[in-house]
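Visitor: I am in my first year and would like a close look at one part of this protein, the sheet, together with what lies along its strands. Could you take me through it slowly?

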Amino acid sequence: EGFADSASEAAAPLLSLPPNQGQQGEKKTRKDTGKVTTATDLQEVGTKLQVVSISKHQAPNQTGGSMVVMPTQRIRRVDTISDPVMGVPLCAVETLPLPVMTVPTDESAISIEVRALNHEMVAT
């Protein structure tokens, strides 16, 4: 199931990943992680991702695995199709694509603000 190619189609579910429970040290978990119980738990603006690969952990006694994704487009959540239920732990939402934004290269206030926000997001 993929993301919608037009505004009238429903998109594949968006989700929020659970935080790393065994995390040690000063590094903090992102504020937008955790279990999603309703679509309102999701951020209004997000990123459409393309799944590049999925693999299971190699150790036979270890559950789970990893997924490599590639961001493809910024999107806005406009409607909820369904909330998570037992057996289907993902929200199905309708999204609209957002226009591609360019960061100004001058030293204007907006350029400095955008770069500061980028550094803050990368640090989390």
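Guide: What follows is a walk through the sheet, with a short look at the rest of the chain at the end. Please keep in mind that this is a predicted model. To find your bearings, start at the N terminus, from which the elements of the chain run β-β-β-α, so that you can count one helix and three strands in the chain.

The three strands form an open sheet in the order β1-β2-β3, and their pairing is antiparallel. The edge strands are β1 and β3, the latter covering residues 92-97, and each of these two pairs on one side only. If you turn the model, you may notice that neighbouring strands of this sheet are turned against each other, on average by 65° when direction is ignored. Looking at one pairing in detail, β2 and β3 run antiparallel and are joined by six bridges; for R77, the bridge partner in β3 is T95.

Next, consider the surface, where L49, V51, I54, M67 and V69 make a nonpolar patch of about 450 Å². Both β1 (45-56) and β2 (65-82) supply at least two residues of this patch, although β1 gives the most, with three residues. One member to pick out is L49, which lies in strand β1. The relative accessible area of L49 is 37%, and L49 is therefore classed as partly exposed, since that class lies between the 20% and 50% limits.

A different kind of contact also involves the sheet, for E44 forms a salt bridge with R76, in which the closest N and O atoms are 2.9 Å apart. This pair links distant parts of the chain, because E44 sits in the segment before β1 while R76 belongs to strand β2, 32 residues apart. E44 is partly exposed, with a relative accessible area of 44%, and R76 also counts as partly exposed, at 30% relative accessibility.

A search of the whole structure finds two salt bridges, and the other pair is E107 with R115, whose closest N and O atoms are 3.6 Å apart. Here E107 counts as exposed at 58% relative accessibility, whereas R115, with a relative accessible area of 33%, is partly exposed.

Finally, step back to the chain as a whole, which has 124 residues, of which buried residues make up 16%. The chain exposes about 9900 Å², and carbon and sulfur atoms supply 57% of that area.

Definitions and conventions:
Residues numbered from 1 in each chain as written. Predicted model: local features only at pLDDT ≥ 70, side-chain atom pairs only at ≥ 80, totals over all residues. Heavy atoms only, no water. Patch = residues over 30% accessible without salt bridge, like charges linked within 9 Å, V, L, I, M, F, W, Y side chains within 5 Å. Areas by Shrake-Rupley, 256 points an atom, 1.4 Å probe, with all protein chains shown as cover. Salt bridge = Lys/Arg side-chain N within 4 Å of Asp/Glu carboxyl O. Helix = DSSP H or I, 4+ residues; strand = E, 2+ residues; numbered from the N terminus. Buried < 20%, exposed > 50% of the residue type's maximum accessible area, 1.4 Å probe, protein only. Pairing = 2+ DSSP bridges. Axes fitted to C-alpha atoms, helices over the stretch in contact; angles between N-to-C directions.
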